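This report describes a single protein chain for a reader who is new to structural analysis. Please consult the sequence and the structure shown below while reading.

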Amino acid sequence: MALVQIGSVLLYASAGLCVFLMLLNRVFILMSNTRVKAAATFSAFAVLVGGGGTLGISLARPPWVYAPLALLLLVLFGEGRRAFIRRSCAGSGPVDTTPHTFNLSTPVTTTDLVLHRYRLPCSKWRDAPLRIVHLSDLHVHPTLPLEYFQEVVSLAEQSEPDLALFTGDFITTVAALPELAKVLRPIARLQTYAVLGNHDYWADPDAVRKVILESGLCLLSDETVALSSGSSKIAITGYDHPWGTKEKSIGPRRDDVLHVVLSHTPDNIYRISASSPDVVFSGHYHAGQIRIPYIGPIVVPSVYGRRFDHGHFVVNDTHLFVASGIGAASPPVRIYCQPDIFVVDVTSESGA
Ligand SMILES: [Fe+2]
């Protein structure tokens, strides 16, 4: 094969791979786990990457090669735009992360939990710091040790939170419900709140709700509860739309109430931030679950691609925290992607 044809094959296959990854991000990963999903994903890969490469053999010269070239340039432009928007939304980094064990020689990081601590000065908060611990995407799974999940919850409790928040995806399949019941318990001084995730809806939402409620957690489904700590007031809203497909008002902003929202997917951030809550906690993305060192995730199940893959962001003056989560969906493996807990201290503006 001539050098031109080899280059053409690589060009068309790369363009096909980009289209496949876009479909994977936006379509296939949003499907429930069935044989149809696996077959459709594999077929799309074969057609787009294999078919693309085959096209490259016969369509190796202009004007044909301009089409895959244009597509790759479009992808590059999109990545540049994403990086720009992400930078404009960037929040602060964690003030302390323990332990941090990232190591190139140990790619499998499924249970290498880290704890990220953030400080969030807020003009509405006038009391001693309010400590919020955030856990997401437990994905309790029979192939992972039950002790891992129990230790994670204990670690979260040891941070002595005032509020604890679980942002969905407690399980992947109903087979894990008995284990889930042995993991969940209230761990905060004031209350432990939860919303469901898309996997909970796919598995058996009523059965998951039952376990959560019997475990003593407060499950919020499109409702807001009010509580107070010292002289400060807090409102907690559970935004129960794991895929971000429905419009839902979370109520007007109140200047004297710290408004905290739980939303399984960060994809809801633009419609939630229109109501100007103070802080939104999300998970869902698993930080990609498989990450390439120094580059980031390959696939993030989001309409915004990799924009909000992990960390702290500020969108329309609303703070968004996106945790990597605790477990992993099928396959239950993380590569260069550590599970995490967020501990956020909401302080007065002076930081006291
Ligand atoms: Fe998840």
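## Asp 127 and its surroundings

Asp 127 has 14 other C-beta atoms within 10 Å and is therefore partly exposed; a buried residue would need 20 or more, and an exposed one 12 or fewer. The model under discussion is a predicted one. Asp 127 lies in the loop that links strand S2 (114-121) to S3. When residues up to four places away in sequence are left out, Asp 127 touches Ser 229, Gly 230, Ser 231 and Ser 232. Another pairing of positions concerns Ser 348: Asp 127 and Ser 348 are 221 residues apart in sequence, yet their C-alpha atoms are 6.9 Å apart in space.

## The open sheet

Gly 230, one of the residues touched by Asp 127, belongs to the hairpin of S7 and S8. This hairpin has two residues between its strands, and Gly 230 takes a positive phi near 65°. S7 and S8 are joined in the antiparallel sense by seven bridges, and Ser 228 has Lys 233 in S8 as its bridge partner.

These strands are part of an open sheet of six strands, with the order S7-S8-S9-S10-S14-S13 and mixed pairing. Strand S7 (223-229) and strand S13 (311-315) stand at the edges with a single partner strand each, so one side of each has no neighbour in the sheet. On average, neighbouring strands of the sheet are turned by 20° against each other, with direction ignored. In contrast to the antiparallel hairpin, strand S8 (residues 232-239) and strand S9 (residues 257-263) run parallel and are joined by seven bridges. Tyr 239 has Ser 263 as its bridge partner in S9.

## Two helices

The table sets out the span of H4 and H1 between their end C-alpha atoms.

| Helix | Residues in helix | Span in the model | Expected span at 1.5 Å a residue |
|---|---|---|---|
| H4 | 13 residues | 19 Å | 18 Å |
| H1 | 24 residues | 35 Å | 34 Å |

Which residues of H4 are buried? They are Phe 149, Val 152, Val 153 and Ala 156. Because these residues cover an arc of only 95° around the axis, they lie on the same side of H4. The general rule behind such a pattern is that an α-helix has 3.6 residues a turn, so residues three or four places apart point the same way. On the other side of H4, Glu 147, Ser 154 and Gln 158 are exposed. The buried residues of H4 pack against strand S3 (130-135), strand S4 (163-167), helix H5 (177-183) and strand S15 (340-347). Just after H4, Glu 160 takes a positive phi of about 55°.

In H1, the buried residues are Ser 8, Leu 11, Tyr 12, Ala 13, Ala 15, Gly 16, Cys 18 and Asn 25. Their packing partners are helix H2 (35-58) and H3.

## The two domains

The protein is divided into domain 1 (3-87) and domain 2 (93-347). Taken over C-alpha atoms, the centres of domain 1 and domain 2 are separated by 32 Å. Eleven residues of domain 1 are in contact with eleven residues of domain 2. On the side of domain 1 that touches domain 2, the elements giving two or more residues are helix H1 (3-26) and helix H3 (66-88). H1 provides the largest share of that side, four residues.

Key
Residues are numbered from 1 along each chain as its sequence is written. This is a predicted model: local features need pLDDT of at least 70, side-chain atom pairs count only at pLDDT 80 or more; totals for chains, interfaces and linings use all residues. The expected span of a helix is 1.5 Å times one less than its number of residues. The arc is that of the directions from the helix axis to the C-beta atoms. Two residues are in contact if their C-beta atoms, placed from the backbone, lie within 7 Å. Two strands pair if DSSP finds at least two bridges between them. Axes are lines fitted to C-alpha atoms, for helices over the stretch in contact, and angles run from 0 to 180 degrees between N-to-C directions. Domain bounds come from an automatic or database domain assignment.
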